[in-house]
Amino acid sequence: MIQLRAATLADAARLYAWRTDPVTAAQSISDRPIPFDSHLKWFEKILRQTRTLVLIAEWRPVADAYDTIGTARLEVHSTFVELSLTVAPHHRGQGYATQIIHALAQAADDVAHGTPLLARVKETNTASLCAFWTAGFRFVSSTNGIIVLS
């Protein structure tokens, strides 16, 4: 079962490693290189924000064991909640992304109570597009190589 927990500063190095993984970086909306000190400053700031939740996705096959499989983020805006996620490189291709999206959608409903969910995905990121489609998201628009799903 996938569970989400709040990220902490102790997660910064792991999230940086996942974000700078070449496959992840190539499929990110912003694919520019990020120095660790910039990531750390951003991460410290985002953890203090109340309208953005950074979460760690864990696979918990039994109550006292877990494996960290990815990260997810909710950004609450006035008219929508934006979802984003990264699956850890060593867990790609195992079907976790759709499970994380389902857990993230539940978390979004807990904090934003029925506000529409949106995701922005690069049109070349077929794995993420398939995961969101499998989770029930549908095409809304496309601009400059970015597909918006809801």
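## Worked exercises: loops, helix pairs and salt bridges

Asn144 sits in the loop between β6 (139–143) and β7 (146–149). Helices (H or I, at least four residues) and strands (E, at least two) are DSSP runs, numbered from the N terminus. Before you dig in: this is a predicted model, where local features need pLDDT of at least 70 and side-chain atom pairs count only at pLDDT 80 or more, while totals for chains, interfaces and linings use all residues. Residues are numbered from 1 along each chain as its sequence is written, and side-chain values use heavy atoms, with hydrogens and water left out.

**Exercise 1. Work out the sign of phi for Asn144 and for His113, then decide whether Asn144 and His113 are buried or exposed.**

Step 1: Start with Asn144. Phi is near 50 degrees, a positive value in a residue other than glycine.

Step 2: Check the accessibility of Asn144. The relative accessible area is 77%, so Asn144 is exposed. The cut-offs are under 20% relative accessible area for buried, over 50% for exposed and in between for partly exposed (1.4 Å probe, protein chains only).

Step 3: Now do His113, which belongs to the loop between α4 and β5. Here phi is near 40 degrees, again positive in a residue other than glycine. With 64% relative accessible area, His113 is exposed.

**Exercise 2. Describe how α4 packs on α5.**

Step 1: Recall what you need. Two packed helices are described by the angle between their axes and the distance between the axes.

Step 2: Get both values. α4 (residues 96–112) and α5 (residues 126–134) pack at about 50 degrees, and their axes are 8 Å apart. Axes here are lines fitted to C-alpha atoms, for helices over the stretch in contact, with angles running from 0 to 180 degrees between N-to-C directions.

Step 3: Name the arrangement. That angle makes α4 oblique to α5. The classes are roughly parallel under 35 degrees, roughly antiparallel over 145, roughly perpendicular from 65 to 115, and oblique for the rest.

Step 4: Add the hand. The α4 and α5 crossing is right-handed. Right-handed means that the near helix is turned clockwise from the far one by less than a right angle, and left-handed means anticlockwise.

Step 5: List who touches whom. Ala97, Thr98 and Ile101 of α4 meet Ala131, Phe132 and Thr134 of α5, with contact meaning heavy atoms within 4.5 Å. Sorted by type, the α4 and α5 contact residues give 4 nonpolar, 2 polar and no charged. For that sorting, Ala, Val, Leu, Ile, Met, Phe, Trp, Tyr, Cys and Pro are nonpolar, Asp, Glu, Lys and Arg are charged, and the others, Gly among them, are polar.

**Exercise 3. Do the same for α1 and α3.**

Step 1: The axes of α1 (residues 12–19) and α3 (residues 36–48) come within 10 Å and cross at roughly 120 degrees.

Step 2: α1 and α3 are therefore oblique to each other, and their crossing is right-handed.

Step 3: α1 brings Ala12, Ala13, Leu15 and Tyr16 to the contact, and α3 brings Phe36, His39, Leu40 and Phe43. The tally is 7 nonpolar, 1 polar and no charged.

**Exercise 4. Find the salt bridges of Glu82, Glu75 and Asp11.**

Step 1: Know the criterion. A salt bridge is a side-chain nitrogen of Lys or Arg within 4 Å of a carboxyl oxygen of Asp or Glu. The whole structure has 6 of them.

Step 2: Glu82 pairs with Arg120, the closest N and O atoms being 2.9 Å apart. Glu82 is in β4 (residues 81–87) and Arg120 in β5 (residues 117–122), so the pair ties together parts 38 residues apart in sequence. Glu82 is buried at 14%, whereas Arg120 is partly exposed at 40%.

Step 3: Glu75 pairs with Arg73, with closest N and O atoms 2.9 Å apart. Glu75, at 21%, is partly exposed, and Arg73 is partly exposed at 24%.

Step 4: Asp11 pairs with Arg14, with closest N and O atoms 3.6 Å apart. Asp11 is buried at 2%, while Arg14 is partly exposed at 34%. Zoom out and you'll find a salt-bridge network linking Arg5, Asp11, Arg14 and Glu58.

**Exercise 5. Map the surroundings of Ile56.**

Step 1: Place Ile56 in strand β2 (residues 52–62). Its relative accessible area is 0%, so Ile56 is buried.

Step 2: Leave aside neighbours within four places in sequence, and the contacts of Ile56 are Gln3, Leu4, Arg5, Ala7, Asp11, Leu15, Thr68, Gly70 and Thr71.
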